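Biologist: I would like to go through this model step by step. Shall we begin with the ligand and what surrounds it?

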Amino acid sequence: MKHKILFISSEAFPLIKTGGLADVAGSLPIALQDNDQDVCLLLPAYQSILEQIIETKVVAETSHYGLKINILETTLPGSSIKTWLIDCPQMFDRPGNPYMAEDGNPWRDNAERFALFSQAAVDIALNRCGLSWQPDVVHCNDWQSALIPALLKTFPHSPATIFTIHNLAYQGLFSSQTFFDLGLPDGLWGMYGVEFYGQFSFIKGGLVYSDRINTVSPTYAKEIQQVELGYGLDPLLSHRHLQLSGIINGIDTDVWNPQKDKYLRQNYNAKTLHKKTANKSALQKYLKLPEEANIPVIGMISRLVEQKGLQSILDAMPKLMNMPIQIIILGTGERNLEQDLLNWAKQFPDKLSINIGYNEALAHQIEAAADIYLMPSIFEPCGLNQLYSLRYGTLPLARNVGGLADTVIDCNDNTLKDNTANGFIVTEDSAEALVTTMIRAIETYQNQQTWQQLQLNAMTPDRSWQSSALQYIELYEKAIEDNRARF
Ligand code: ADP
């Protein structure tokens, strides 16, 4: 059945991206549209978005907190997805990252910025600003849009709501005073509302009030109900377990396709795997690493934060730098982790290439050039890079957590026999476990016949959004039913 879906996100590729959420918001709406759904995307009008888009028009106006808000209309580049931008220059027209100032600290007015975004979203969701479009479902993502289900539930006839957790570690916590300063409905305050141990929690708006909650892998949906990864929200999530599910992310198979990836020196597919090596030598040359075809190249593209297992990599460095491998890392993040990696690279310039920064082209080139993809995350809601790696025949060496556990199948006798093996699993967050698994991967690499079989196992399955999009449509229907029961 066709539904009207308002998809709300604080980032969407290719307009604005800091992480996996952007990839999802830039591709799931398209997959939903391909499955006959009527989808509109809603984003803040950040300065960098305004600079990129050529055609926009003001289609509606509203105001909150004494500020005038224009709703601009454009389309998501490369698609026909109608995209509305919440344009309030005082909040969003500033340089840099959507969430952080230049000094790496969150923008001081983040609560005000995303509360205003949420209030404007509610106006659209209730079809009260003249857009003549009434969504059946409002799909919110992460804390920046988590207040919306809470606000909507204060109206008697509001659309159904879905809240997707892309990373529970980011919750949008502010002082209780902030809640009252923002003039939010009193009924939302309290431990059964958006209060979290005396603080104001944006994410609780989504977790408490949405009709359905989902996260981006079945394993992470279970993990966040446990104390270790629940951040104190596990009792609430366990309480709502009947409304909580996991749907693994798909990937944009046009953007991440080794056969037509415009950033690659040499395109290839599962039938022309031998051509992949041209990408390896091109990247080795570009990054000034020795051009050695038979040395396994280990790639990693990541936010450089503790979550991604950086400490275990740093602790393993003395042993890794003694192995016959080259490691290429691209990322930005915590300054001390960046500096520690750079220090190792200074000592081992022939083995380690550290590239600090955000670089879309280099990310694609690493995926194609590397033999092994390193992802020893401490936790990983879904993870996208292991999915890109699998599609590029670059075998993940990953922890058995979250979406990694759901997508990376460890190479062992059984999985080799039934042709499901597609990578190497690290069973704990430690340098020793990482090194042991790396040795196993390098040994396997020596047998090129086995390696190629693993690459084919990795490349063959369909990793597009199609099957996940159908699961989202099913979830929308359940949410509509649940919401109807309220009337
Ligand atoms: P997370 O959302 O936790 O950062 P994901 O694996 O879900 O992790 O998604 C990360 C996305 O961001 C991937 O598309 C990855 O390629 C991209 N990415 C991360 N860091 C960089 C970087 N420095 N340069 C280019 N792309 C990056």
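Biologist: Which helices and strands each supply at least two residues of the shell around the ligand?

Modeller: This is a predicted model. The shell holds 18 residues, with Gly 20, Asp 23, Arg 303, Lys 308 and Gly 357 as the closest. The elements that each supply at least two of the shell residues are helix 1 (20-34), strand 13 (297-304), strand 14 (326-333) and helix 15 (385-391).

Biologist: Which element gives the largest share of that shell?

Modeller: Two helices and two strands each supply at least two residues. The largest share is three residues, and the element that gives it is strand 13.

Biologist: Where does the ligand lie with respect to the domains, and why?

Modeller: Domain 1 covers 4-250 + 466-484, and domain 2 covers 270-459. Both give residues to the shell, so the ligand lies between domain 1 and domain 2.

Biologist: How much of the ligand's exposed area does the protein bury?

Modeller: Start with the polar contacts. An oxygen atom of the ligand is 2.7 Å from an N or O atom in the side chain of Asp 23, and a nitrogen atom of the ligand lies 2.8 Å from a backbone N or O atom of Gly 357. The ligand taken alone exposes 560 Å², and the share of this that the protein buries is 93%.

Biologist: How many residues of the ligand shell are charged?

Modeller: The shell residues can be sorted into three classes. Six are nonpolar and eight are polar, and the number of charged residues is four.

Biologist: Which helix gives the most to the lining of the second largest pocket?

Modeller: That pocket holds about 630 Å³ of space. Of its 31 lining residues, those closest to the centre are Ile 30, Asp 252, Thr 253, Asp 254 and Val 255. Helix 14 (360-369) is one of the elements that supply at least two lining residues, but the most, six residues, comes from helix 1.

Biologist: Where does the second largest pocket lie with respect to the domains?

Modeller: The reasoning used for the ligand applies again. Both domains give residues to the lining, so the second largest pocket lies between domain 1 and domain 2.

Biologist: Is the peptide bond from Phe 13 to Pro 14 cis or trans?

Modeller: Most peptide bonds are trans. Pro 14 is found in the loop between strand 1 (4-8) and helix 1. Omega of the bond from Phe 13 to Pro 14 is near 5 degrees, and the bond is cis.

Definitions and conventions
Residues are numbered from 1 along each chain as its sequence is written. This is a predicted model: local features need pLDDT of at least 70, side-chain atom pairs count only at pLDDT 80 or more; totals for chains, interfaces and linings use all residues. Side-chain values use heavy atoms; hydrogens and water are left out. A residue is near a molecule or strand if one of its heavy atoms lies within 4 Å of it. A polar contact is a pair of N or O atoms within 3.5 Å; within protein, one must be able to donate a hydrogen and the other to accept it, and residues adjacent in sequence count only if both atoms are side-chain atoms. Accessible areas come from the Shrake-Rupley method with a 1.4 Å probe; for residues, only the protein chains shown count as cover. Helices (H or I, at least four residues) and strands (E, at least two) are DSSP runs, numbered from the N terminus. Ala, Val, Leu, Ile, Met, Phe, Trp, Tyr, Cys and Pro count as nonpolar, Asp, Glu, Lys and Arg as charged, and the others, Gly among them, as polar. Domain bounds come from an automatic or database domain assignment. On a 1 Å grid over the protein atoms alone, a cavity is a set of points where a 1.4 Å probe fits but cannot get out, and a pocket is an open set with protein on both sides within 12 Å along at least five of seven lines; lining residues have an atom within 4 Å of a point. Grid points are joined across faces, edges and corners, and a volume is the space filled by probe spheres set on the points.
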